[in-house]
Amino acid sequence: MSDIPNPAAPIADPRGASLLVQDGRTKRRNAAEGRFKLYGIVAIAIGLLMLLTLLFTIVSRGTGAFQQTYVTLSVPLLEEKLDKNGNRDLAEIKKVSTFGYAPLTKAAFETKIAEAGIETSLKPKAMADLLSKDAAAQLRNHVLAKPELIGSTVEFEFLTNSRVDGYLKGRVSRESIANDKNINAAQLDLVDALIADGSLQKRLNLNFITGADASDARPEAAGMGVAMLGSFAMMLVVLVLALPIGVAASIYLEEFAPKNWITDIIEVNISNLAAVPSIVFGILGLAVFINYMHLPNSAPLVGGLVLTLMTLPTIIISTRASLKSVPPSIRDAALGVGASKMQSVFHHVLPLAAPGILTGTIIGLAQALGETAPLLLIGMVGFIASNPPESIAEGLMAPNSAMPAQIYEWAKRADPAFYERAWGGIIILLVFLISMNAIAVLLRRRFERRW
Amino acid sequence: MLPLVIVIAALALGGYFLARRRAMISAGGDSRKLHSLPSYYGYNAVLSVAVPALLALGIWLLVQPMLVQSSVVEMIPAQAVPEGSSVNLIMSDVRRLAEGLDAAVGAGAVSNEEVADLTAADDLRAWLAERGVAIGAEVSPEVLQAAQAYREMNALGHVGRNVFVLLLALAGVLLAYRESHADFRARNRVESAVKALLILAASLAILTTVGIVLSMLFETINFFSLHPWTDFFFGASWAPNFRGDSDLSILPLLWGTLYISIIALAVAVPIGLFAAIYLSEYAGPKVRATAKPLLEILAGIPTIVYGLFALLTVGPALVKIFGRGEDGLLGVDWMSGATSVLTAGLVMGIMLIPFVSSLSDDIINAVPQSLRDGSFGLGATQSETIRQVVIPAALPGIVGAVLLAASRAIGETMIVVLGAGAIARISGNPLEAMTTITTRIVSQLTGDSDFASPETLVAFALGLTLFVLTLGLNVLALYIVRKYREQYE
């Protein structure tokens with residue numbers, strides 16, 4: 001009883017301070033509280049800042065790739081050069097190689113300079129060097145597509161050399177070309193004159209999105225299109241294989257599997273496979289699909305198989321989660337009206353889980369689309385993917401690149417003009433990933449049911 | 001092969017209708033008298049046609065090349081193998097020649113009889129080139145003979161395969177047709193078959209793991225038979241030399257891997273952990289709903305993007321600070337190239353922030369509210385509660401999250417391939433370029449690799465080491481996390 005303090009006695013602070021004034025210790029504790037909270041805010045701010053920096057870098061460096069510098073020239077397509085016999089036979093026109101077109105472009109460039117009244121001390125060859133090495137091939141493709149143009153004079157937009165392109169985009173300046181063999185100050189003067197004349201300008205570069213990769217010397221002609229087809233072919237393989245196998249495996253594990261050590265092993269296996277480094281899957285693909293089964297090197301089919309094995313755990317994990325979220329009462333009701341276990345799963349549980357499965361599959365596909373490391377080992381880099389496949393079978397079996405592999409390939413080349421391509425490629429890749437994830441989020445919002 | 005699959009599909013479809021019709025007839029047209037729904041009799045026919053036939057086809061496709069290969073290899077006399085070459089290389093010549101001949105026949109350039117009459121005296125290379133097939137090397141008589149045998153055996157095998165598979169499919173139709181009777185328990189049969197397929201799909205996970213381990217194990221054993229294991233595990237330097245006699249020690253690579261991972265974790269763990277604490281303990285629902293998904297975007301960005309970011313943005317920025325002598329920001333010249341341990345480590349750290357933060361966030365959220373309330377009741381401030389109650393309670397889970405992040409860091413490839421450099425060395429200077437296990441796997445296995453040289457095979461030993469390392473970390477992390485979860489449930 002004597003432990004109870006006398007309520008009438010005033011509560012004295014042992015340190016003799018007022019309740020209304022914080023003492024030193026409380027101040028320290030409150031300051032520590034504020035600091036701790038600040039650390040958290042700073043950490044999040046750093047994370048978000050990094051994200052912004054990354055996105056800003058990608059956008060600021062990559063948008064250039066979607067524009068390209070072209071020069072408009074009027075080219076007389078001389079019949080005696082391009083179609084000697086004059087019978088417009090496509091097979092004969094095809095015999096004229098790009099070397100046959102080069103003099104035409106060169107002459108057209110000279111005429112242009114003379115017409116525009118630009119004074120220059122450059123020799124015709126040095127002038128023509130401003131054009132891309134791809135210019136003659138460009139003209140040839142145009143003529144092969146429309147042989148009836150032979151004999152007339154056409155206005156044609158030629159790609160310019162990547163240095164000229166860089167000059168217009170600010171990547172190349174008069175100071176930076178001091179040691180550059182590919183361009184000199186006199187040529188840049190000519191470029192300035194052509195810009196003033198209005199015949200040399202930057203415009204949208206659709207070829208970057210639809211075109212094929214080009215060799216080291218022609219960064220201005222390189223595009224992502226063929227690599228994109230390679231990626232699509234791989235995604236097709238992943239979708240066709242990983243979705244049914246993943247769903248089947250999850251149905252078994254979630255609905256039928258007895259609780260025993262075999263099931264345990266399978267489950268541990270799946271969660272471990274989800275964390276195995278992707279390059280290990282590349283080694284597996286190389287050893288099994290290429291060295292043992294002799295599937296063709298660099299084929300999107302092999303890439304698709306490797307990515308399937310890699311994506312399966314992701315799909316299985318998300319499918320199991322959505323199967324689990326279907327309430328047991330649905331199963332019980334189906335069994336109650338006489339359905340078999342298998343019927344209750346396939347007729348009732350699976351359709352209800354479908355939106356969740358689809359969302360998980362899209363996210364798994366997006367992951368597979370951005371994966372690079374395994375593709376390096378099965379040979380999807382190191383060559384120039386120049387010809388778009390002509391059929392689905394060829395798209396699967398013929399060597400091709402893939403979007404991330406193409407970006408890696410460009411990042412390895414020494415010319416800074418390819419770096420711009422690589423960043424531009426990243427923009428395309430991210431557009432795909434963002435739209436896939438957005439579709440997944442929309443599907444989830446639209447169809448997800450809370451029981 | 002495609003026509004064969006189409007024929008099987010057609011037989012299966014036909015079997016479906018035949019079996020269904022027969023079952024209906026046997027029940028006198030009244031489906032209530034059947035044991036199962038009519039379509040199950042049809043499905044039973046489909047399964048008994050397609051499953052054995054496709055299975056046989058798959059096995060045949062796997063086994064035939066092995067049998068043909070081994071019997072053709074026996075035909076090649078030992079003296080036909082030139083010095084410095086191997087039977088495998090000869091076999092790939094044989095295969096290429098046989099494929100070339102097949103392509104020429106397929107294109108209609110020659111007939112099968114003409115091919116059989118070929119002798120090595122003809123200039124085969126020019127002869128094939130004329131018919132639109134290019135082959136690399138000159139053809140020796142032994143190779144031609146082997147290629148002819150290879151083609152013959154393959155042709156025989158194809159005929160045998162088609163006949164066998166078709167007979168199997170027909171037998172399936174017949175069997176299912178005869179079985180289809182009102183009393184036949186078609187549904188039970190179909191359902192157990194479907195269940196078997198489901199089990200097969202589930203065991204693919206085990207098959208993949210076994211495939212990974214075996215494919216690397218065999219090549220690793222080959223590697224250790226060509227190269228002393230003591231040098232691999234305890235040697236001091238990594239200097240592959242394609243003329244042979246290389247130093248292939250994992251230690252410098254392991255050092256580079258661990259150094260970069262440690263820097264990455266030093267960036268990711270504090271930032272990720274504080275972000276997780278703020279998001280789960282302080283942030284309001286609105287901040288949480290925006291900041292959390294935004295941070296998680298960092299985890300969804302492909303690693304090639306981070307690699308490029310390291311090589312072209314972070315690396316040059318670091319050089320500007322630590323390098324270039326008088327022109328640099330610090331006026332020192334410690335860093336010469338954009339690739340370095342610090343470059344790769346920093347960028348990898350950014351990538352790992354969301355791994356640490358979302359895993360820790362989940363774990364901190366799982367700490368029961370009663371622990372916090374108890375602490376608040378004793379007069380602790382929020383930060384004191386977090387530091388002294390919540391974090392200790394969540395510590396095993398956080399350690400698990402950090403271990404998972406470490407396993408990601410060790411296995412990460414693209415960032416280090418582009419950002420870390422290619423020089424294998426053991427040094428403490430984070431501004432120097434170093435190399436990692438994953439980069440060396442990529443460089444040893446890309447390009448023209450000869451799978452009989454230790455310089456190529458070492459990649460499999462490295463891969464196995466990497467697999468074991470990350471598997472160990474994952475198992476440990478999962479074990480810790482699981483053990484912790486049991487405490488509060």
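**Exercise 1.** Find which residues B:Val356 is in contact with, leaving aside its neighbours within four places in sequence.

*Solution.* Start with the test: two residues are in contact if their C-beta atoms, placed from the backbone, lie within 7 Å. For B:Val356 that picks out B:Ala268, B:Val269, B:Gly272, B:Leu273, B:Ala401, B:Val402 and B:Ala405. A word on the ground rules: this is a predicted model, where local features need pLDDT of at least 70, side-chain atom pairs count only at pLDDT 80 or more, and totals for chains, interfaces and linings use all residues. Residues are numbered from 1 along each chain as its sequence is written, while chains are lettered from A and ligands numbered from 1 in the order in which they are written.

**Exercise 2.** Place B:Val356 in the largest nonpolar core.

*Solution.* First, the terms. A nonpolar core is a set of buried Ala, Val, Leu, Ile, Met, Phe, Trp, Tyr and Cys residues joined through C-beta atoms within 7 Å. Buried takes 20 or more other C-beta atoms within 10 Å of a residue's own, exposed 12 or fewer, partly exposed in between, with C-beta atoms placed from the backbone. Next, the largest core has 188 residues, and B:Val356 is among those with the most contacts inside it, along with B:Leu308, B:Val347 and B:Ala405. Helix 10 (residues 225-256) of chain A gives the most to this core, with 18 residues; helices here are DSSP runs (H or I, at least four residues), as strands are (E, at least two), numbered from the N terminus. Apart from this core lies another, of 31 residues, including A:Phe109 and A:Val172.

**Exercise 3.** Check the length of helix 7 of chain B, then look for a bend.

*Solution.* Helix 7 covers residues 186-226, which is 41 residues. The expected span is 1.5 Å times one less than the number of residues, so this helix should span 60 Å. Its end C-alpha atoms are 58 Å apart, which agrees. Now the bend, the angle between axes fitted to the seven residues ending at a residue and the seven starting there: helix 7 of chain B bends by about 30° at B:Leu204.

**Exercise 4.** Describe the contact between chains A and B.

*Solution.* Count residues: 62 come from chain A and 67 from chain B. On the chain A side, helix 1 of chain A gives the most, with 17 residues. Finally, sort that side by type: 46 nonpolar, 13 polar and three charged. (Ala, Val, Leu, Ile, Met, Phe, Trp, Tyr, Cys and Pro count as nonpolar, Asp, Glu, Lys and Arg as charged, and the others, Gly among them, as polar.)
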